[in-house]
Amino acid sequence: MTDTHAANRREDLRLITGRGRYVADSNLPHQLHACFLRADRAHAEIVTINTEPALKCRGVVAVFTGADAIAANYKQFPNMMTFTNASGATILKPERPVLAHGKVRFVGEAVAMVVAESALAAQDALDAIAIVYRDLPVAVSVEDALAAGAAQLHANVPGNLCFEWDTGDAAAVERAFAKAAHVTRLTVVSQRVVPSPMELRGCLIGYDGASDSYDIYTNSQGILMMRWQFAALTGVPEEKLRFHLHDVGGSFGQRSAVYPEHAAQMIAAKKLGRPIKWVASRSECFLSDSHGRGIVMAGELALDRDSRFTAARYQFLCDMGAYLTPTGPASHVRNPAIGMTGVYRIPALHGNFKVVLTNTSPVAAYRGAGRPDVAYMVERLVDQAASELKIERDELRRRNFIPLDAFPYKTPTMGVYEASDFAGCLGKALQAADWNGFDPRREKSRKAGKLRGIGLSTVIEGTAAGMFPKDQVAIEFDAQGRLEVYTVSLSTGQSHETTFTEIVAQTLGVAPEAVTLRESVQGKNLSGNHSGGSRSLVGCGSVCKLAAQKLIEQAKPLAAEELELEPSQLDYADGAFRSRDGEKMIGLLELAKKLVGTSPHPLNLMAEASVGSTYPNGCHVAEVEIDPETGVTEILSYTAVDDAGIVINHSVVEGQVHGGVTQGAGQVFGEHAVYDRESGQLLTGSFSDYYMPRAGWIRDIHVNDHPLPSKVNVLGAKGAGESGCTASLPSLVSAVLDAVRPLGIQHLDMPLTPSKMWHAIQTAKAE
Amino acid sequence: MFEFSYLKANSLSEAAAFVAAHPDAKLLAGGMTLLPTLKQRLAQPSHLVDVGRLPELGGIELKAGRLAIGAATRHHDVATSAVVRNAIPALAYLASHIGDPQVRNCGTLGGSVANNDPAADYPAAVLALDAIIVTTQREIAAADFFQGMFATALEAGEIIVRVLFPVPKRAAYEKFPHPASGYAMAGAFVAEMATGVRVAVTGAGPGVFRWSEAESALAQNLNVAAVDKLTLEATDLNEDFHATREYRANLAKVMTKRALQKMLATK
């Protein structure tokens, strides 16, 4: 396919000129507005709740509480975690009434919902609700929650431990460690972060009494995933849930789930017979949108005399917050389990996972969903081993890479890696970043009083496997005979309008403008996966190609009929069927127009495929400079070499990598959801205290493709949505540690804020 | 936001009379602190009295060695004023680094000074330059005006009209922005006046303060090394989960050194 590197994205003009349509833009006649009263404490019994005074407030129509949630039986959220452990146990799922009932378990939990004629009136009335709480002890960290005598969040989850799971071969690992020439041990934290997409969370729900059905407008990553979750939580049959999904201003996993507020609005819409609209404030999003990451990881790596890895074992303490989200446990257990071996041949592996509840906002998938965390653990271990054994970091990696001839590579735990060229990516990245020429640059910085470091990461991630077994795409022609492509996947910023229309247009040999993409459209009976897990191009994108190919085949006999020839006399090229003798031709789009009037349009079709896991991988190199006077780290340059498989549109991939790398840099240098250990209050509840990455942080970034085609889909694509995040956590921390290792600093935990860096340097200098 | 009444004042005296008669009324100029506070429902004024466009509160004028800047002058206008840039370039520089472009195009000098946020930029310049705050009632010396976190000498109903900045021989400002909020985690305004060098530190403590040890040391030796030897006492500085008081003390010193270096590089 041609590379449209310089082309603007097709959706750009619409989105940057204010013509996007977001949840807050949706309205229904006679709608009411909801506002939620949220717990102001982390753990307490609700002794009494008096809503009467709120009902007397101006404009208030109704107030709903946990009693309404219990009456509706809206309390059991679906969960994607299906494993059983060695003793046959499945994960313990605590109930979560969609409005708190009996107890509150984290600051920000929705306790009551006021419905009023305006959003302001609803907000005003919140203060009139009187709640008497009886405070309970608080545990906001996994360590505190697992400690003996810790506060118990849920009666059915003893010790706050929802699930414990082991993977790999503990005995084999034990034997390997007994024989190891060297063992490197390290505990690292992938701290809890607040994903913070630009668009605020919101929902508008209408109820139709005649058909006992709902119209739902909300932020989403795709219609089927959302519909399934709404139905699972509420028991309302899927066919009675109509979704109206439009533009989404960022999701990062946070917008993939049904939330309690959604279901509470359904209760109100049904009871009051009027649509209910709610748009969160940013403060509410901080408190009650799902958080990301939150894993404490202890790793051990065994090496033989030749510094070859012989075994690794890990313990993962996964902080789920006060309740389980649909994606939280799976993303914190399944994805790290696949990535435990990293890009290395490690014959024996063992992982122990504990899924823990704390008095904090529930945790869900967040860009990478466990993949960046485990990559960070593995790469930190490898860097640490290199430091301890005084081997160059690139050399230790080369010595242990899974070699090209070992693919497909079945890891000792889960997953079968597709062919990947780790050494090739590494070589290309080191050359592009002038790795070998680093010493003079370090010296130059030293003379200026600065600490310079260079770091790398070589990572892989198992991705693209969807929840729904098939991805389906429909091609239909409208009343004017224009070509429309229907998908289940929904762009939340991944440029589907550009990429998917390009795939169809190029396969057909027509102009991209002739193709219109319609995503997650209500009423289209398609199956398929939502946007997430780097899978849209791999799954949906490849079926777009299949659909276009199928269209040519389906059109051929009709074209032949039109041209009064046999199909075998026709060839298709450049958007048209031509007779072999060159005498007759008809364009595909012209044919489609001629066939308008027959219903359904004879060229309408559906294509489908089952697409398995892909394994994007790559090598990233970061170069940083630290000012020891202030502790500020500056990212001087960043080089990414990614195997995202075959690239359809480099500028789209590059955009995804830029975003992923910068989001990773956010976690490395600033982002951290900090809860007060005693009170359980969120201390970083606004952008005044929560340290987001800035656009100017990474100014000198180079994104290079190193594609090895995937064999699991017709495009050969592997995906690119999350790899930037996965590779940047370890590469950036590697660079910072490289800068300060000469001072004797061997370990630091993210976020590497100026304050933390300054203290570390001061302490090191004093020692 | 709670409900309030909005009034646009036609004159300074009208505004002063109104706020004197209505104790729950608030003055609105740029609104860059007040409006976020209202949105968070942290304040419930009865009225907002808009003085942001009053001609009496405008104007930038250099007269008798003093730069007079009207209280409602926007940060952007201070930053880009040729008069300010010629007379006290460090003040223009400071104004150009407040907040972001939106804040600089709305926020005002008087609003910033009256609010006395411990992490605001302007108080450092006002104190270091020994400026005079002219109000509807009197003239207040900078040293008397700032009285700790969000506290000033302003009486109820008293309105800042303009600030008179003595023009220094040379001056410079350097700040370390809080990584999240962008406010000064520590900022230092260093000014060489006829009476000696003055150093004012913002952001690090509960309110803007002069670093007297640094001033004394610089009176002896006007160079960076003189400050380098000092340690700013951290006991009374701010501490929170973002930064320890020791880190803030260090930042205040580093910013002082950098401001000094910058000042000494100018003629």
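# Exercises on a predicted two-chain model

In chain A, strand E13 and strand E14 (residues 309–319) pair in the antiparallel sense, and 9 bridges hold this pairing. The model is predicted, and the exercises below start from this pair of strands.

## Exercise 1: the sheet around E13 and E14

Find the order of the strands in the open sheet of 5 strands of chain A, and state which strands stand at the edges.

Step 1. The order is E7-E15-E14-E13-E8 in chain A, and the pairing in this open sheet is mixed. As general background, strands of a sheet pair through backbone hydrogen bonds, either parallel or antiparallel.

Step 2. Strand E7 (161–168) and strand E8 (182–190) of chain A stand at the edges, and because each has a single partner strand, one side of each is left without a neighbour in the sheet.

Step 3. On average, and with direction ignored, neighbouring strands of this sheet are turned by 10° against each other.

Step 4. To look at the antiparallel pair of E13(A) and E14(A) residue by residue, take Ala298(A), which stands opposite Gln315(A) in E14(A).

Step 5. Now add the helices: helix H6 (residues 170–179) of chain A lies across E7, E8, E13, E14 and strand E15 (348–356), and runs at about 120° to E15(A). Helix H11 (residues 371–389) of chain A also packs on the sheet, where it touches E8, E13 and E14 of chain A, and its direction makes about 140° with that of E8(A).

## Exercise 2: the sheet of 7 strands

Describe the open sheet of 7 strands in chain A, from its strand order to the helix that lies across E1, E3 and E5.

Step 1. Read along the sheet, the order is E3-E5-E1-E12-E9-E10-E11 in chain A, with mixed pairing.

Step 2. The edges are strand E3 (60–65) and strand E11 (241–243) of chain A; each has a single partner strand, so one side of each is left without a neighbour in the sheet. The average turn between neighbouring strands of this sheet, direction ignored, is 25°.

Step 3. E3(A) runs antiparallel to strand E5 (residues 110–116) of chain A, to which 5 bridges join it, and within this pair Phe64(A) stands opposite Met113(A) in E5(A).

Step 4. Helix H8 (residues 260–272) of chain A lies across strand E1 (32–38), E3, E5, strand E9 (202–208), strand E10 (213–218) and strand E12 (276–279), running at about 30° to E9(A).

## Exercise 3: backbone details in loops

Decide whether Arg293(A) is buried or exposed, do the same for Glu564(A), and then locate the cis peptide bond that joins Ser599(A) and Pro600(A).

Step 1. Arg293(A) has a phi near 60°, a positive value in a residue other than glycine, and its place is in the loop between helix H9 (282–288) and strand E13 (295–303) of chain A. Arg293(A) is buried because 29 other C-beta atoms lie within 10 Å, and the cut-off for buried is 20 or more.

Step 2. Glu564(A) is not a glycine either, and has a positive phi of about 55°; it lies in the loop between helix H16 (537–563) and strand E22 (570–573) of chain A. With 8 other C-beta atoms within 10 Å, Glu564(A) is exposed, since the cut-off for exposed is 12 or fewer.

Step 3. The cis peptide bond between Ser599(A) and Pro600(A) has an omega of about -5°, and Pro600(A) is placed in the loop between helix H17 (588–594) and strand E25 (605–609) of chain A. A cis peptide bond also joins Met750(A) and Pro751(A), with omega about 0°, and Pro751(A) is found in the loop between helix H19 (723–740) and helix H20 (754–766) of chain A.

## Exercise 4: chain A as a whole, and its contact with chain B

Compare the radius of gyration of chain A with that of a compact globule, and then describe the side of chain B that touches chain A.

Step 1. Chain A has 20 helices and 28 strands. A compact globule of 767 residues would have a radius of gyration near 27 Å, and chain A agrees with this, since its own value is 27 Å.

Step 2. Of the 767 residues of chain A, 54% count as buried.

Step 3. The contact between the chains takes 15 residues from chain A and 12 residues from chain B. Helix H12 (residues 245–264) of chain B gives the most to the side of chain B that touches chain A, with 4 residues, and by class this side has 8 nonpolar, 4 polar and no charged residues.

Technical notes
Residues numbered from 1 in each chain as written. Chains lettered and ligands numbered in written order. Predicted model: local features only at pLDDT ≥ 70, side-chain atom pairs only at ≥ 80, totals over all residues. Helix = DSSP H or I, 4+ residues; strand = E, 2+ residues; numbered from the N terminus. Contact = placed C-beta atoms within 7 Å. Nonpolar A, V, L, I, M, F, W, Y, C, P; charged D, E, K, R; others polar. Pairing = 2+ DSSP bridges. Axes fitted to C-alpha atoms, helices over the stretch in contact; angles between N-to-C directions. Rg over C-alpha atoms; globule rule 2.2 N^0.38 Å.
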